[in-house]
Amino acid sequence: MRQLKTLGSIVLMVCASAFTNNAMAQSGNSDQHLSQKEKSIIAIASTTGMGHLSDLKMQLHEGLDAGLTINEIKEVMVHLYAYCGFPRSIRGLQTFMEVVEERKAKGIEDELGPPASPINDKRSKYERGRDNLEKLTGVPQTGTQKGYAAFAPVIEVFLKEHLFADIFDRDVLTFAERELVTISVLSSIGGVEPMLYSHLTICLNLGLTPGQLNEFVEIIKATAGDKAAKNAQTVLNEVLKNK
């Protein structure tokens, strides 16, 4: 039977890790760790992506206690639908509604936090998405389309106009926080290692350290299990080797 783990136990596992794999030897600044809010974002995104709603309720409680606002957690749920679908996202939001009401009934008033700011940008959504993708990857988004983008050009338009413009332009979460959501979902659902490789690379481009990404893998081990963590670690090791 799958064991239920709260973020508190996850944090203990992260701290207790001996950093014995190859990537740990490349972890850089060992003094820089994921914040409690970042750890909660990872745990919430992972459990929502897998549909483990009983686990999610505890992660939501701990995320709010760690300082995440209601709007930040809503934004996590909205962001992850692009990677695991509307059904998981909506079930996550419904579970979050229950948690907020339970806490209100106990007299706990959680901070709502600011909503997304209006977007006042006269560029087309395609241009905005293209420029955001350049910021994320550090690679110019020019030239002839290749691979799936050439095979089905419409999906490349959808990605830039919707995912990287409509979603990434919302300022409730930073780019780095959004990428933590992304790699958490991709690691937990499995079978999408090429995409996980790309987004782990983006995480490094955005300033997350190898040590922080190894902490991420330890959280995935606690939320999604040994197999998911092993796969994520293998991909991370490859990213760090090639970086």
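**How do helices α2 and α3 run relative to each other: roughly parallel or roughly antiparallel?**

Before we solve this, a word on the model. This is a predicted model, in which local features need pLDDT of at least 70 and side-chain atom pairs count only at pLDDT 80 or more, while totals for chains, interfaces and linings use all residues. Residues are numbered from 1 along each chain as its sequence is written, and side-chain values use heavy atoms, with hydrogens and water left out.

**Exercise 1. Work out the orientation of α2 and α3, and list who touches whom.**

Step 1: Find the helices. Helix α2 covers residues 36–50 and helix α3 covers residues 53–65. Helices are DSSP runs (H or I, at least four residues) numbered from the N terminus, and strands are E runs of at least two.

Step 2: Look at the angle. The two axes come within 9 Å and cross at roughly 160°. Axes are lines fitted to C-alpha atoms, for helices over the stretch in contact, and angles run from 0 to 180 degrees between N-to-C directions.

Step 3: Name the orientation. Angles under 35 degrees count as roughly parallel, over 145 as roughly antiparallel, 65 to 115 as roughly perpendicular and the rest as oblique. Therefore α2 and α3 are roughly antiparallel.

Step 4: Find the contact (heavy atoms within 4.5 Å). On the α2 side sit Ser-40, Ala-43, Ile-44, Thr-47 and Thr-48, and on the α3 side Asp-55, Leu-56, Gln-59, Leu-60, Glu-62 and Gly-63. These residues divide into four nonpolar, five polar and two charged. Here Ala, Val, Leu, Ile, Met, Phe, Trp, Tyr, Cys and Pro count as nonpolar, Asp, Glu, Lys and Arg as charged, and the others, Gly among them, as polar.

**Exercise 2. Describe how α2 packs with α4, then place Glu-72 in the picture.**

Step 1: The axes of α2 and α4 lie 10 Å apart, at an angle of about 45°. The pair is therefore oblique.

Step 2: From α2, the contact uses Lys-37, Ile-41, Ile-44, Ala-45, Thr-48 and Gly-49; from α4, Glu-72, Ile-73, Val-76, Met-77, Leu-80 and Cys-84. By class there are eight nonpolar, two polar and two charged residues.

Step 3: Glu-72 belongs to helix α4 (residues 70–84). Its relative accessibility is 13%, so Glu-72 counts as buried (under 20% relative accessible area, with exposed over 50% and partly exposed in between, for a 1.4 Å probe and protein chains only). Leaving aside neighbours within four places in sequence, Glu-72 touches Lys-37, Gly-67, Val-172 and Leu-173.

**Exercise 3. Decide how α6 and α8 are oriented.**

Step 1: Helix α6 (residues 125–137) and helix α8 (residues 153–167) have axes that come within 7 Å and cross at roughly 75°.

Step 2: α6 and α8 are therefore roughly perpendicular.

Step 3: Among the residues that meet are Tyr-126 and Leu-133 in α6 and Val-157 and Phe-164 in α8. The classes are six nonpolar, two polar and seven charged.

**Exercise 4. Find the aromatic pairs.**

Step 1: There are three aromatic pairs in the structure. Rings of Phe, Tyr and Trp (its six-membered ring) pair if their centres lie within 6.5 Å; planes under 30 degrees apart count as stacked, over 60 as edge-to-face and the rest as tilted.

Step 2: Tyr-81 and Phe-86 are stacked, at 4.2 Å centre to centre and 15° between the planes. With 17% relative accessibility, Tyr-81 counts as buried.

Step 3: Phe-164, Phe-168 and Phe-175 are linked into a cluster by ring pairs.
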